[in-house]
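Colleague: I would like a close look at one part of this model. Please take one helix and its charged side chains, then set them against the rest of the chain.

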Amino acid sequence: SISEILVKPYTTAGQDPRKRLFNIRLSGLRTVMTENLFGVWKRRFPILKALRTDFEFSQKIVVATAILFNLGRMEGEEELEDDSDDDSEEEESEGETQVHVIDEDRGTARRRGQGERDKLLTSMNN
């Protein structure tokens, strides 16, 4: 599921090996999530797999498919099954994923996010 908190890396990891390891793992997770999203997007719009158009038209195709993709996700459109022999191993999520927006000031949100990040760091080392 998607968290309502944006987890940011430690900017002061310095000499703390636990915080450096956390930053490395967080970076890897973000990469996996991004690759998964692009895989879903390309399955929905196969034209993205091999754009053979001029640069300006390709930009328009990418923007148009991104808008349609996001609208579909907002409306709860079902994801397409993966029929390809793609070498990526993507897991399908079960159930609906919703993002809940919490109305709070930036300082409170930052402290809450830092607290959640610290909990993740602690649980990683247990």
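What follows is a walk along one helix, then outward to the rest of the chain.

Modeller: Keep in mind that this is a predicted model. I take helix α3, which covers residues 106–124.

Start with arginine 111. This residue lies in helix α3. Arginine 111 counts as exposed because its relative accessible area is 55%, and the cut-off for exposed is over 50%. Arg111 also belongs to a surface patch of positive charge. The other members are Lys8, Arg30 and Arg110.

Move on to glutamine 114, again in helix α3. Its relative accessible area is 34%, so glutamine 114 is partly exposed. Now look across to proline 9. The two residues are 105 positions apart along the chain, yet their C-alpha atoms are separated by 9.5 Å.

Next comes a charged pair. Glutamate 116 and lysine 119 form a salt bridge, with 3.2 Å between the closest N and O atoms. Side chains of opposite charge can pair when their charged atoms come close. About one helical turn separates glutamate 116 from lysine 119, because they are three residues apart in helix α3. The partners differ in cover. Glutamate 116 is partly exposed at 29% relative accessible area, whereas lysine 119 is exposed at 54%.

The structure holds two salt bridges. Besides the pair in helix α3, arginine 18 meets aspartate 16, at 3.6 Å from N to O. Arginine 18 is partly exposed, at 40% relative accessibility. Aspartate 16 is partly exposed too, at 22%.

For contrast, turn to helix α2, residues 55–74. Methionine 74 sits in this helix. With a relative accessible area of 65%, methionine 74 is exposed. Met74 is part of a nonpolar surface patch with Val63, Ile67, Leu68 and Leu71. Together these residues have about 510 Å² of accessible area.

Now the whole chain. There are three helices and zero strands, in the order α-α-α. Of the 126 residues, 17% are buried. The accessible surface is about 10,400 Å², and carbon and sulfur atoms hold 52% of that area. Among contacts with a separation of 6 or more, 58% join residues 24 or more positions apart.

Back to helix α3, then. Arginine 111 in this helix contributes to the positive patch, and glutamate 116 is bridged to lysine 119.

Terms used:
Residues are numbered from 1 along each chain as its sequence is written. This is a predicted model: local features need pLDDT of at least 70, side-chain atom pairs count only at pLDDT 80 or more; totals for chains, interfaces and linings use all residues. Side-chain values use heavy atoms; hydrogens and water are left out. Patches are made of residues with over 30% relative accessible area and no salt bridge: like charges are joined within 9 Å, nonpolar side chains (Val, Leu, Ile, Met, Phe, Trp, Tyr) within 5 Å. Accessible areas come from the Shrake-Rupley method with a 1.4 Å probe; for residues, only the protein chains shown count as cover. A salt bridge is a side-chain nitrogen of Lys or Arg within 4 Å of a carboxyl oxygen of Asp or Glu. Lys and Arg count as positive and Asp and Glu as negative; His and the chain ends are not counted. The place of a charge is taken as NZ of Lys, CZ of Arg, CG of Asp or CD of Glu. Helices (H or I, at least four residues) and strands (E, at least two) are DSSP runs, numbered from the N terminus. Buried means under 20% relative accessible area, exposed over 50%, partly exposed in between (1.4 Å probe, protein chains only). Contact means heavy atoms within 4.5 Å.
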